[in-house]
Amino acid sequence: HLSRGLAPALGYLGSRQKHSLPDLPYDYGALEPHINAQIMQLHHSKHHAAYVNNLNVTEEKYQEALAKGDVTAQIALQPALKFNGGGHINHSIFWTNLSPNGGGEPKGELLEAIKRDFGSFEKFKEKLTAASVGVQGSGWGWLGFNKERGQLQIAACPNQDPLQGTTGLIPLLGIDVWEHAYYLQYKNVRPDYLKAIWNVINWENVTERYMACKK
């Protein structure tokens, strides 16, 4: 039973394809001056790549444990699966949530939903910024969709815990507040990074995600 619950999340284990690092939809320097090229290059080609590699290694070990029926080994691998799988899921969303043509406000149904659930776009921005600033150590601030309630919700997740896998909320917009996401440019001043990131948020992508989960 243990293994069955996890299998869909990993793609079918029997004919598993290796995960690969997705290409960025823009150049490393495209988000300057808000996020510099050096950060983007390290973040994508080193940090995200490491999550992908470690996820593949972990899944291979997990497959061996499944084949042997070794439940203890399966359980022992789950933290590495959550960390590296979460890192891969989170960053794959993050890159598409950003755009050199981003910033401003969303339009249409997403903006209406934000006003309905948070009072105004400004209040929403304050809330998500506060949740992201407030993450202790490393983690993420998220705008998610609660399918049961049909509502937008803000959440913070520690480390690389993936939003949907740990809270059930569908991820729409993620803000990475690991120091590797901003330190080379903003040093330890996370609020300055958070102020800047709003200039490159890709609202078209966030809106697409919102419309898709409302179907």
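This report describes the fold, the annotated sites and some local backbone features of one predicted chain.

## Basis

The model is predicted: local features need pLDDT of at least 70, side-chain atom pairs count only at pLDDT 80 or more, and totals for chains, interfaces and linings use all residues. Residues are numbered from 1 along each chain as its sequence is written, and side-chain values use heavy atoms, with hydrogens and water left out.

## Overall fold

The chain has nine helices and three strands. Both are DSSP runs, numbered from the N terminus: helices are H or I with at least four residues, strands are E with at least two. The order from the N terminus is α-α-α-α-α-β-β-α-β-α-α-α.

The radius of gyration is 18 Å, which agrees with the value near 17 Å for a compact globule of 215 residues. That radius is taken over C-alpha atoms, and the globule rule is 2.2 Å times the number of residues to the power 0.38. Along the principal axes, the C-alpha atoms fill a box of roughly 55 × 40 × 30 Å.

## Burial, contacts and charge

Of the 215 residues, 44% are buried. Buried means under 20% relative accessible area, exposed means over 50%, and partly exposed lies in between (1.4 Å probe, protein chains only). The exposed area of the chain is about 10900 Å², and carbon and sulfur atoms supply 51% of it. Areas come from the Shrake-Rupley method with a 1.4 Å probe; for residues, only the protein chains shown count as cover.

Contact means heavy atoms within 4.5 Å. Among contacts with a separation of 6 or more, 71% join residues 24 or more positions apart. The chain carries 21 positive and 20 negative charges, and their mean positions are 4 Å apart. Lys and Arg count as positive, Asp and Glu as negative; His and the chain ends are not counted. Each charge is placed at NZ of Lys, CZ of Arg, CG of Asp or CD of Glu.

## Annotated domains

An unreviewed UniProt entry gives two domain features. "Manganese/iron superoxide dismutase N-terminal" is placed at residues 18-99. This span is 72% helix and 0% strand, with its end C-alpha atoms 27 Å apart. "Manganese/iron superoxide dismutase C-terminal" is placed at residues 106-209. Here the chain is 46% helix and 22% strand, and the end C-alpha atoms are 12 Å apart. UniProt positions are given in the numbering used here, feature names are shortened, and annotations may be inferred rather than shown by experiment.

## The annotated binding site

The unreviewed UniProt entry marks His43, His91, Asp176 and His180 as "binding site". They are spread over 138 residues of sequence but cluster in space, with a largest C-alpha distance of 12.4 Å.

His91 sits in helix H3 (residues 71-97). His91 is buried, at 0% relative accessible area. Leaving out residues up to four places away in sequence, His91 touches His43, His48, Tyr51, Trp140, Gln160, Asp176 and His180. His180 lies in the loop between strand E3 (170-176) and helix H7 (183-186). His180 counts as buried at 18%. With the same sequence neighbours left out, the contacts of His180 include His43, Tyr51 and His91.

## Gln160 and Asn159

Gln160 lies in the loop between strand E2 (151-158) and helix H6 (163-167). Gln160 is buried, at 0% relative accessibility. Its contacts beyond four places in sequence include Tyr51, His91, Trp140 and Trp178.

Asn159 is found in the loop between E2 and H6. Its phi is near 55 degrees, a positive value in a residue other than glycine. Asn159 is partly exposed, at 37%.

## Arg190 and Lys187

Arg190 is in helix H8 (residues 190-197). Arg190 is buried, at 9% relative accessible area. Neighbours within four places aside, Arg190 contacts Ser132, Val133, Val135, Gly137, Val177 and Tyr182. Arg190 and Lys68 are 122 residues apart in sequence and 46 Å apart in space, C-alpha to C-alpha.

Lys187 is found in the loop between H7 and H8. Lys187 is not a glycine, yet has a positive phi of about 50 degrees. Lys187 is partly exposed, at 45%.

## A cis peptide bond

The bond from Glu32 to Pro33 is cis, with omega near 5 degrees. Pro33 lies in the loop between helix H1 (2-6) and helix H2 (37-68).
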